[in-house]
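Here are some notes to read alongside the coordinates, set out as numbered points. I hope they help you find your way around.

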Amino acid sequence: MKLTKARALVLIAFSVPIAIELRTVAGFFNVELPLIAVAVIEFLFLALLFVLYGLYGEGSNAAA
Amino acid sequence: MATARSEHAFVDKFPDEAGVIKATFLVAFVALGIGAFFGLIQALHRTNVVRVIDSADYYTMLTGHGVLLAIVFTIFFLCGVFHWATARSLDRPAESKLFSWAWVGLMLTGTILATVAILGGLVPSLGMSADVLFTFYAPLQAHPIFYIGLAMFIVGTWLAGADWFLSYRAWRKDNADERIPLQAFMVLTTMIMWYISTLGVAVSVVFFLIPWSLGLIESVNPLLTRTLFWYFGHPIVYFWLMPAYLMWYTVLPKLAGGRLFSDPLARVVFVLFLLLSTPVGIHHQYLDPGIAEGFKFIAMTNTMFLLLPSLLTAFTVVASVEHGARQRGGEGYLRWLGALPWRDPAFTGMALAGAMFAAGGFSGMINAGMNINYLIHNTLWVPGHFHLTVGTAVALTMMAGSYWLVPQVTGTKLYSRPIGLLQVIMWFVGMVFMSNAMHRAGLAGIPRRTAEPQYQNFEFLTPIGSIFELRVQIALGGTLLFLSVVLFLFNILLTSLGEESERPVDAYLPEPLSGPEGSPRILDNLAMWTGIAALLVVLAYTLPLAGIIQNGGGLFGGGLPVPATVSAGLDFVLMTVTSAFNTLLGVVA
Ligand code: HEM
Ligand SMILES: [Cu+2]
């Protein structure tokens, strides 16, 4: 399945609430996640999405 | 397919109705723009990020924001949608063009009066203000033209409902044995609920608040006006929600590439909302003294029943959307989600609105629980909750729906789909920030409706993160939301200025998988459902109201309120009935 711009945007949107509440989830397991860790995780996710978009995105000719 | 292509655009088939709908949408969008601007000012002010108003003016802004968004934007838009749905599904124009314009005019005049009174608060020399918040109950008092405007607005909605009932009556004459078309059924049941529930607020405004603001009576019974407000204040929630449900049931499945699963189920859901919406308003008054605990408990159990139609809706709409995805080649347990038309802002916006509504539903259950409510009552949690429900489930569905509806009434193509997509996603992200932080701030005990949430010598504590982060999130979210509204208005403006198109949008709505034939005829018996709904209201409210009048010092207040018990209410009713009976005996004898 091709990663269209629209699908990428929706994925980014859904990553936001997950990132925000990541610390709560970690808290259930007695892990105190600092804000900066969450920022890094979200950043890594966005970077990954970016790479995937380059590989399988609309403009690319790789079949998904 | 052939029928889809040959179908006329709505504007060609019903030019007069399209004109009325355009007017209602225009008012709605102007209110949305101003209201969102006030929202931004508040969000930045109360988080202490940027302050452009005096803190003393915070209530003026908040009143403008609440009234313009939660009352004017939503209800004007809804009237447009209902006008469209009635003409479309009954396949006939309104009975009288003049009558349609009369209700638009009345609602608009009322809106202008109320808005002038609110904004008057910013110009002290006028001596006019209405800083009473959108809940407008005593002891806060507004200038009389605020209440008069409000009354005109409500009567306007009554006439709008009459317009649709007249259409229905005319249709019924020509189609004696047919089932009421689904969209018309939804419009009519919603309006019956509205008639029943606005009765309470009309009594409050006409008999108490207007005479009181004019100085004709000295005082009102605050608990009585509060109760009459919430008698309408809960059902108005469903008045906002029903047009969104109408679009989720009848338009969203089509946008997803499929069709509605079950027409009979949709009818059952609307009937349940008609029956259950009104007898629950006391769940907003768990902390009001003067209402017996027992009545509060009954309101709570009634409220929990309302989960049923909401869950039925969630299942039906998701099932219909999944069906659409599979029609488009989607497979797997969850992979079908990828096959949905995410590029279409109308679809994506409604889908995201639905997803956020689920979250809002959960925080709503917490509000409804009598004991948990005490924890979050009047904290920022509450605006967090209703920005997910009315502020997103409804408002975002209306904006997203506009991308599909507006072209039908203007005859022009949507200006930009990518901007539309960006807009709905920005709303989603902005609302995640703002409302999540509001919920958390509420748990930390930060009050709502205050310009200055900081107190001297007192520190709010959060279990995770800091209050500072929450403030930043609220300000950031509010800014994204405002920008999203700007993009929306820009896109719609350019759409309506665009060139006429042969086929502005694919307006065809497919038949449900399971049609109305399968549902019992009794579902269409509107008179019977109205009777049952009214009976439930009488059962739920007679005793509490009697108690409130008795404990709160009579109809017009004045006395000191006393703590209430169920038996006090009962005694009062018994006493009244006995004395009425004795009088009657006296007359007869
Ligand atoms: C630009 C988007 C919006 C922003 C930035 C925003 C922000 C806010 C803020 C900061 C408050 C004040 C909370 C307090 O001090 O208690 C508030 C209250 C409120 N908002 Fe919004 N909001 C937005 C959109 C909406 C929408 C779309 C609706 C409804 C359709 C809505 C309905 C309300 C209501 C009813 C209140 C409560 C007013 C009161 O307490 O009397 N808002 N909003
Ligand atoms: Cu309620």
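**Notes on the model**

1. Let us start with the metal. The copper ion (ligand 2) takes its protein donors from H234(B) through ND1, H283(B) through NE2 and H284(B) through NE2, at 1.8 to 2.1 Å. Please keep in mind throughout that this is a predicted model. Along the sequence, the donor residues follow the spacing H-x48-H-H.

2. Are H283(B) and H284(B) buried or partly exposed? H283(B) counts as buried because its relative accessibility is 9%, under the 20% cut-off. H284(B) has 23% relative accessibility, so it counts as partly exposed.

3. Next, the contact between the chains. On the chain B side 19 residues take part, and they meet 16 residues of chain A. Together the two chains bury about 1,500 Å², with 73% of that area on carbon and sulfur atoms. Within chain B, the residues that lose the most area to chain A are W342(B), R343(B) and I464(B), which together make up 26% of what that side buries.

4. Which residues line the largest cavity? Chain A contributes I20(A) and R23(A), while chain B contributes N436(B), R440(B), I464(B), G465(B), S466(B), E469(B), L470(B) and Q473(B). I464(B) thus appears both in this lining and among the chain B residues that lose the most area to chain A. The space in this cavity is about 80 Å³, and the model has six cavities of 30 Å³ or more.

5. A little more on that lining. Two helices of chain B, α17 (417-443) and α18 (467-497), each supply at least two of its residues. The largest share, three residues, is from α18(B). By class, the lining consists of three nonpolar, four polar and three charged residues.

6. If you are interested in pockets, have a look at the second largest one, with a volume of about 750 Å³. It is lined by 34 residues, and those closest to its centre are R88(B), S89(B), Q183(B), L509(B) and E511(B). Several elements of chain B give two or more residues to the lining, namely α2 (10-13), α4 (58-90), α7 (182-213), α9 (235-250), α10 (252-255) and α11 (263-276). Of these, α4(B) gives the most, with three residues. The lining has 17 nonpolar, six polar and eleven charged residues.

7. M398(B) is worth selecting in your viewer. This residue is part of helix α16 of chain B, which covers residues 381-410. With a relative accessible area of 1%, M398(B) is buried. Leaving out residues up to four places away in sequence, M398(B) touches F73(B), T74(B), F77(B), L78(B), W240(B), P243(B) and M247(B). Among these partners, F77(B) is 321 residues from M398(B) in sequence, yet their C-alpha atoms are 7.5 Å apart in space.

8. Finally, is Q42(B) buried or exposed? Q42(B) lies in helix α3 of chain B, residues 15-46. Its relative accessible area is 8%, so Q42(B) counts as buried. Beyond its neighbours within four places in sequence, Q42(B) is in contact with Y58(B), M61(B), L62(B) and H65(B).

Methods:
Residues are numbered from 1 along each chain as its sequence is written. Chains are lettered from A and ligands numbered from 1 in the order in which they are written. This is a predicted model: local features need pLDDT of at least 70, side-chain atom pairs count only at pLDDT 80 or more; totals for chains, interfaces and linings use all residues. Side-chain values use heavy atoms; hydrogens and water are left out. Donors are N, O and S atoms within 2.8 Å of the metal (3.2 Å for Na, K and Ca); water is not among the atoms, so sites may look incomplete. Buried means under 20% relative accessible area, exposed over 50%, partly exposed in between (1.4 Å probe, protein chains only). On a 1 Å grid over the protein atoms alone, a cavity is a set of points where a 1.4 Å probe fits but cannot get out, and a pocket is an open set with protein on both sides within 12 Å along at least five of seven lines; lining residues have an atom within 4 Å of a point. Grid points are joined across faces, edges and corners, and a volume is the space filled by probe spheres set on the points. Helices (H or I, at least four residues) and strands (E, at least two) are DSSP runs, numbered from the N terminus. Ala, Val, Leu, Ile, Met, Phe, Trp, Tyr, Cys and Pro count as nonpolar, Asp, Glu, Lys and Arg as charged, and the others, Gly among them, as polar. Contact means heavy atoms within 4.5 Å. Buried area is the accessible area (1.4 Å probe) that two parts lose on being put together, summed over both.
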